[in-house]
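Colleague: Before I plan anything around this model, could you teach me how to read its features, giving the general idea and then the case here?

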Amino acid sequence: MDNPERAAFAAEFDVSRETLARLDRYAELLTDWQQRMNLIGPSTLPHIWDRHFRDSAQLLPIAGPGQRWLDIGAGGGFPGLVLAIMDPTANFMLVESITKKCTFLATIAQETGSSAQVTVTNARVEDTPTQRFDIITARAAAPLATLFDWSVRFAGPRTRWILPKGARVQEELASAAQRFHFGHELIPSRTDSAARIVVATGVKRR
């Protein structure tokens with residue numbers, strides 16, 4: 001019997017059989033590697049399609065296709081690797097400081113046919129050479145002010161930050177506003193009624 005979360009994902013995002021097969025391989029490898037390292041919360045393992053794949057994929061309609069993405073603290077590959085599978089016209093730099101997680105990320109990119117789009121950088125974002133990106137994202141990596149501090153040097157005049165945040169998003173926005181000028185909108189998360197996706201533009205230090 002088909003996984004209902006997988007079927008719902010396929011319908012919601014109009015996913016081809018080929019893309020679903022690549023995500024199936026991702027889920028299979030994630031389940032295997034999770035036994036050897038902590039890539040996701042163990043309680044979320046039965047809900048990969050909703051808690052991780054869907055949570056990541058919801059950023060793509062906001063960004064649009066063909067973007068150049070920076071994913072900070074890429075960890076288990078969320079959202080960057082899911083988005084790479086969903087949008088073969090985009091490019092991604094995944095920055096992760098833990099070497100064994102970088103090995104996992106590179107393995108997933110290879111096994112899902114995304115290697116040509118994905119660069120895995122084994123470093124702290126503070127030590128990553130400056131280049132420009134269209135979209136900057138991160139999932140559960142740091143508070144908003146810290147993410148801006150790390151990433152503002154990677155932004156051009158039209159860069160957008162697309163950042164999934166939890167129930168304390170207003171607190172994080174207020175804290176970030178003490179150190180940065182920026183515009184933003186809040187988009188409801190499809191996977192958590194209390195969560196919001198921050199879409200920030202024009203980020204500059206005060």
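**Reading a predicted model**

Modeller: With a relative accessible area of 39%, R179 is partly exposed, and please keep in mind throughout that this is a predicted model. Partly exposed is the class between buried, under 20%, and exposed, over 50%.

Colleague: Which residue does R179 meet in a salt bridge?

Modeller: The general idea is that side chains of opposite charge can pair when their charged atoms come close. Here the partner of R179 is D149, with 3.5 Å from N to O. D149 belongs to helix α7, while R179 sits in the loop between α8 (169–177) and β6 (180–188), so the salt bridge ties together parts that are 30 residues apart in sequence. D149, at 32% relative accessibility, also counts as partly exposed.

Colleague: How many salt bridges does a search of the whole structure find?

Modeller: The search finds 14. One of the pairs is R139 with D55, whose closest N and O atoms are 2.8 Å apart. Because R139 lies in the loop between β4 (133–138) and α7 (144–151) and D55 in helix α3, this pair ties together parts that are 84 residues apart in sequence. D55 counts as buried, at 12% relative accessibility. Another pair is E171 and R168, with the closest N and O atoms 2.5 Å apart; there E171 is partly exposed at 48%, whereas R168 is exposed at 56%. Salt bridges can also share partners, and in that way E12, D50, R54 and R190 are joined into one network.

Colleague: How should I read the sides of a helix, and which residues of α1 are buried?

Modeller: The idea is to ask where the buried residues point around the axis. In α1 (residues 4–13) the buried residues are R6, F9, A10 and F13. Their arc around the axis covers only 95 degrees, which means that they lie on the same side of α1. The face turned away from that buried side carries the exposed residues P4 and A11, and the cover over the buried residues includes α2 (17–33), α3 (48–57) and α5 (80–86).

Colleague: What do we find at the two ends of α1?

Modeller: At the N-terminal end N3 acts as a cap, with a side-chain oxygen 2.8 Å from the backbone nitrogen of E5, and after the helix comes D14, whose phi is positive, near 50 degrees.

Colleague: Is S56 in helix α3 buried or exposed?

Modeller: S56, which has its place in helix α3, counts as buried at 0% relative accessibility. Apart from neighbours within four places in sequence, S56 is in contact with F78, P79, V82 and L83.

Colleague: And what does the chain look like as a whole?

Modeller: The protein chain has eight helices and seven strands. Its radius of gyration, 16 Å, is close to the 17 Å that the globule rule gives for 206 residues, so the chain is as compact as a globular protein of that length. Buried residues make up 50% of those 206, and among contacts between residues at least 6 apart in sequence, 67% join residues at least 24 apart. The chain exposes about 9700 Å², of which carbon and sulfur atoms supply 50%.

Conventions:
Residues are numbered from 1 along each chain as its sequence is written. This is a predicted model: local features need pLDDT of at least 70, side-chain atom pairs count only at pLDDT 80 or more; totals for chains, interfaces and linings use all residues. Side-chain values use heavy atoms; hydrogens and water are left out. Buried means under 20% relative accessible area, exposed over 50%, partly exposed in between (1.4 Å probe, protein chains only). Helices (H or I, at least four residues) and strands (E, at least two) are DSSP runs, numbered from the N terminus. The arc is that of the directions from the helix axis to the C-beta atoms. Contact means heavy atoms within 4.5 Å. A polar contact is a pair of N or O atoms within 3.5 Å; within protein, one must be able to donate a hydrogen and the other to accept it, and residues adjacent in sequence count only if both atoms are side-chain atoms. The radius of gyration is taken over C-alpha atoms; the globule rule is 2.2 Å times the number of residues to the power 0.38. Accessible areas come from the Shrake-Rupley method with a 1.4 Å probe; for residues, only the protein chains shown count as cover. A salt bridge is a side-chain nitrogen of Lys or Arg within 4 Å of a carboxyl oxygen of Asp or Glu.
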